[in-house]
Amino acid sequence: MKPPAFRYHDPRTLDEVIALLGDHGDDCKVLAGGQSLVPLLNLRLARPAVIVDVNRVAALGVIAEASDGGLRIGALVRHRELVRSDLVRRRLPLLRDAARCIGHAAIRTRGTVGGSIAHGDPAAELPGIVATLGAEIRIRGPMGERSAPAATFYTGPMTADLAADELITDVLLPPAPAGAGWAFEEVARRHGDFAVVGVAVLLALGRDGRIGHVRIGVIGSGPVPLKLTNVEGALVGETPGDGVFAGAAEAAAASVDPHSDLHASAAYRRHLVGVLLGAALATAVERARLAVTPR
Amino acid sequence: MKSYIGRSLPRVEDERLLRGDGRYLDDIALPGMLHVAVLGSPHAHARIRAVAVEDADAVPGVVRVFSGEDIRAISEPLRGIPSGWTNHALAVERVRYVGEPVAAVVAESRYAAEDGRDRIRVEYEALPAVVDPAEAVTDHVVLHPAKGTNTLYHRRFTFGDVEGAFASAERIVRLECRWGRASGNPVETGGCICRWDSHDGLMTVWTNMQAANFLSPMVATQLGLPADRLRIRRPDTGGSFGAKVAVWKYVALVGLLAQQVPDRPLKFVEDRVEHLRASSSHGPDRRYEAEAAVDAGGRVTALRVKCLDDLGAYSERRPGMAVKPLTGLSGCYEIPALEYDVRCVVTNKCPQGAYRGFGIHAHNFVVERLMDTVAGELGLDPVAVRLRNFIPPERFPYVLPTRLGRYDSGDYPKLLRHLCDVADYARLRAWQAEERVKGRLVGIGVATTVEIGGYFDNALYAALDLGPAGPIPEQVKVGLAADGHVDVHVGYGSEGQGQDTVVTQLVAHVLQVDPEQIRVHHHDSGDVPNSFGTGGSRMAVALAGALGGALAALGRQILDHAGRLLERSPAELELDAQRAVVRGRPEIGVDLKRIASQAGAPIEAQYTWPAPELRGDEFPLSYLTAACAAHLVVVEVLPTTGQVRFLDYHIAEDCGTVLNPQVVDGMTQGAVAQGIGQALYEQYLYDDEGQLLTGSWMDYLVPTACEVPATKKSRIVTPSPYTAFGVKGTGESAMNTTPAAVANAITDALQDRGFAANALPVRPDAIWAAMRAAGRR
């Protein structure tokens, strides 16, 4: 389990990274936290000629408030920093709760936001949050900067709208409405495993108690992380309650087309989408009603 | 007199290992060392047409490349029992499982070796794979054409009047079970470094192979060497659970390569992928049909068990795990008539190897599920059924109807009643009824087991023509050093069970010295002392026996010397607090350091525990002791997801005199974890083409601390009449008990939901699907 030989670069600036990616393109892989790439290298399933290690590019490691009140999270931010960040806790506890479900402590300590989003495992938490919230993925390449909308970023299992000579620099997460409630629910075979199914919910209630704003995402039930726009649409304007949650759960289960694998049948996954969404909606509504500040 | 027996002395091994000062196989780097990479077969079943190594030879750093034909030219096929069911250390003519070694590269680094491996070209002609053991039985496709059949072993053992008991039974209770293929999966994988010294004609091997002394003559034969030309050195070992017995096949391979690349050490350490798919350490993989003849009172009068065991591609040792249940066929129960029909077939999967529990664990699962099924069908409480069927305490020593097992001592009703008291079973059942009314799917599972131990299966194998009989001695050497320390020389390798601690306690106890004054020394094979090492729950019994003999002799010598110094008769003296003193007058004495320095000759003693040959009327008996364990598990099944949650877990054990409770509890807790893996998580799954689907730890699910509950442990003590200090072999009882207890609890939780946990591991989606189907009916 040793990788074939590769050339290794560890640039200090973003410009140098982009130049290297421009020079090597398809023969090149970016090393950030290494939680997916290193096993692929060691199993010789990936054989890049060049590795560009971006860990020393300090500019990529920042969590900041965006101009619209949302969050700007640098590609090199570690999962553990999401869990521990005061800013994330106050502004987007959904992200913190999702990050808590990623792997184990060692994985969260090394793994990065940019790496997880670029790798794009359809059962991974951060791609799920990106899809749920409609985040904007900011990318640098030889032609300069561009933004990719979450809705079209993932094109298939572990494939994204990201060229070999491009690098994700950060991700912009839109601000949550005031008093929003949230929930992240996941079933995995063991603690820390990739989700069999996971569901993210962010919602806000209007003054009349009706659902005014809702975002629903699902991981582990399709080739890409899903945003359940149809279910969201049906919920807006509804007064939350068991009947509404059950209806949403049923609609969600009907709208996904999951796969069977070693860990769960497709039917079970479909069932879980409904179960988890029902639970997540209930929790999120309760939090929105209490307008809880997370501890 | 200070008693050191029965105390939870902190493990003397721990400080060094926890500080990171351990030295494991892969830590060893020898001057001039070369590295080996092994090319595994991508096919489950194929003919090898040609192996082209020229491109690999040309890779920088590659020293030499070997194919199966190179190995065939210099050695015999791997030795197995029965013979003729193995391949060579590198496959010739045919491959029979995915990952089977086909070629090997020796290079200056593991990197270069793997680069070379990538350039080997093998031409295969794919053959149909036999994956389903039921299909293997039909012999439509035969894996070993010279044998003409896939059935490697088939025998029906009948003891007592089974036919009569079933004919007159009030009721016959039937059960079908499946036991999934799982394995020990130690954190440290297996491997070796072999150096052939051409000048001395000596093979030196550094390896974490389990039972190294025991296996070393076989390895020597495989290498064409006299036994004394093979020297095995054992670094620290990061777990085994049986899995590292099979490391012998790597020692054979790398040893053969080393003879071809003389005077350079060659290192091979499995990576995890290799371990999972090709370590020859997969455990039992069985389908069972079982039936019990039951009388009106719920007494089981006869037991029939039919077992189909999927051995994988080869028998690289022997089908030992399939026959070991004969030594404990009826578990804790007095069942006068027994039948065991065991058929072992070969399939295109990784060969089986030893796994903790050694086959009895799967059998006991069936027996314990069957007892619960009897209880269910008769409307009886599972505890009551067990109490009715236990071997009564007055029947010990109890010779099984098989005459292949004898339980030394025990009080099974007392142990189970103790467990029920500790867990407050009656109150638990009342609580369960209340919760079930509220809709919670809570279940209580009970399971018991005997854990035979203290010796080894050689007598059984000899009786079944599966290997030679022969003693399994345990040897120790003890000495009083000039500095007053006690030196203990031992022959076992340690996979982490804490033997050094137990040795320290026994020495401290007998000689009345502080544990800090005791040094335990490990030795290479070939030096005295000899030891089989761990296996078959034997170490407590074997070490107590060996040390008991050696320390008695050493103590006599010390008192003789002390008598001369004190001008007293040795009979007047005793050992106390690092001194030899006059009985009743401890102020008159001489310390051990002075005794040692003035003795004028070494004070030392060596003793070989002979491992008494036990004989029954028809067959030799294999084991000295029978410990017993009873588990009570409370689970909740989540109705929405089918997930299983542990609410409580109680264990009661009786392993005779306990040398170190913490060591026993640690081994038990580890076995609980493995039992939960067997029950809920771990399984090697193959697709229809024989490709391994669970080829990494992302898919082969070993439970972590998050999945394993803390358990509440307590014990009763029934000393063994046959061993020093009354100890019994123990450590793996939970392998036999946990899967059954968990399965019984899940089945109890789902009693009206159409699910019985008879096929392990149980996946949550299977539970959910069964609940859904039951809901629709």
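**Exercise 1. Classify Met158(A) by exposure, then place it in its chain and describe its backbone.**

Solution. Met158(A) has a relative accessible area of 42%. The class "partly exposed" covers values between 20% and 50%, so Met158(A) is partly exposed. The model is a predicted one. For the location, Met158(A) sits in the loop of chain A between strand 8 (154-156) and strand 9 (159-160). For the backbone, its phi is near 55 degrees, which is positive although the residue is not glycine.

**Exercise 2. Treat Phe241(B) in the same three steps.**

Solution. Exposure: the relative accessibility of Phe241(B) is 33%, and the residue counts as partly exposed. Location: Phe241(B) belongs to the loop between strand 11 (230-233) and helix 8 (248-260) of chain B. Backbone: phi of Phe241(B) is near 60 degrees, again a positive value in a residue other than glycine.

**Exercise 3. Work out the strand order of the open sheet 4-2-6 in chain B and identify its edges.**

Solution. Three strands of chain B make up this open sheet, and their pairing is antiparallel. Strand 4 (94-95) and strand 6 (121-126) of chain B each have a single partner strand, so they stand at the edges, and one side of each lacks a neighbour in the sheet. Now take one pairing in detail. Strand 2 (residues 46-52) of chain B runs antiparallel to strand 4 of chain B, and 2 bridges join them. Two strands count as paired when there are at least two bridges between them, so the 2 bridges here satisfy the criterion. At the residue level, Arg47(B) has Arg94(B), in strand 4 of chain B, as its bridge partner.

**Exercise 4. Locate two cis peptide bonds in chain B and give their omega values.**

Solution. One of them joins Ile81(B) to Pro82(B), with omega about -10 degrees. Pro82(B) lies in the loop between helix 3 (68-72) and strand 4 of chain B, and strand 4 is an edge strand of the sheet in Exercise 3. Another cis bond runs from Leu760(B) to Pro761(B), where omega is near -5 degrees. Pro761(B) is in the loop that lies between strand 31 (759-760) and helix 21 (764-776) of chain B.

**Exercise 5. Assess the length and the surroundings of helix 20 of chain B.**

Solution. Helix 20 (residues 733-749) of chain B contains 17 residues. From first C-alpha to last it reaches 24 Å, close to the 24 Å expected at 1.5 Å a residue. For the surroundings, buried means under 20% relative accessible area. In helix 20 of chain B, 17 of the 17 residues are buried, so the helix is largely enclosed by the rest of the structure.

Methods
Residues are numbered from 1 along each chain as its sequence is written. Chains are lettered from A and ligands numbered from 1 in the order in which they are written. This is a predicted model: local features need pLDDT of at least 70, side-chain atom pairs count only at pLDDT 80 or more; totals for chains, interfaces and linings use all residues. Side-chain values use heavy atoms; hydrogens and water are left out. Helices (H or I, at least four residues) and strands (E, at least two) are DSSP runs, numbered from the N terminus. The expected span of a helix is 1.5 Å times one less than its number of residues. Buried means under 20% relative accessible area, exposed over 50%, partly exposed in between (1.4 Å probe, protein chains only).
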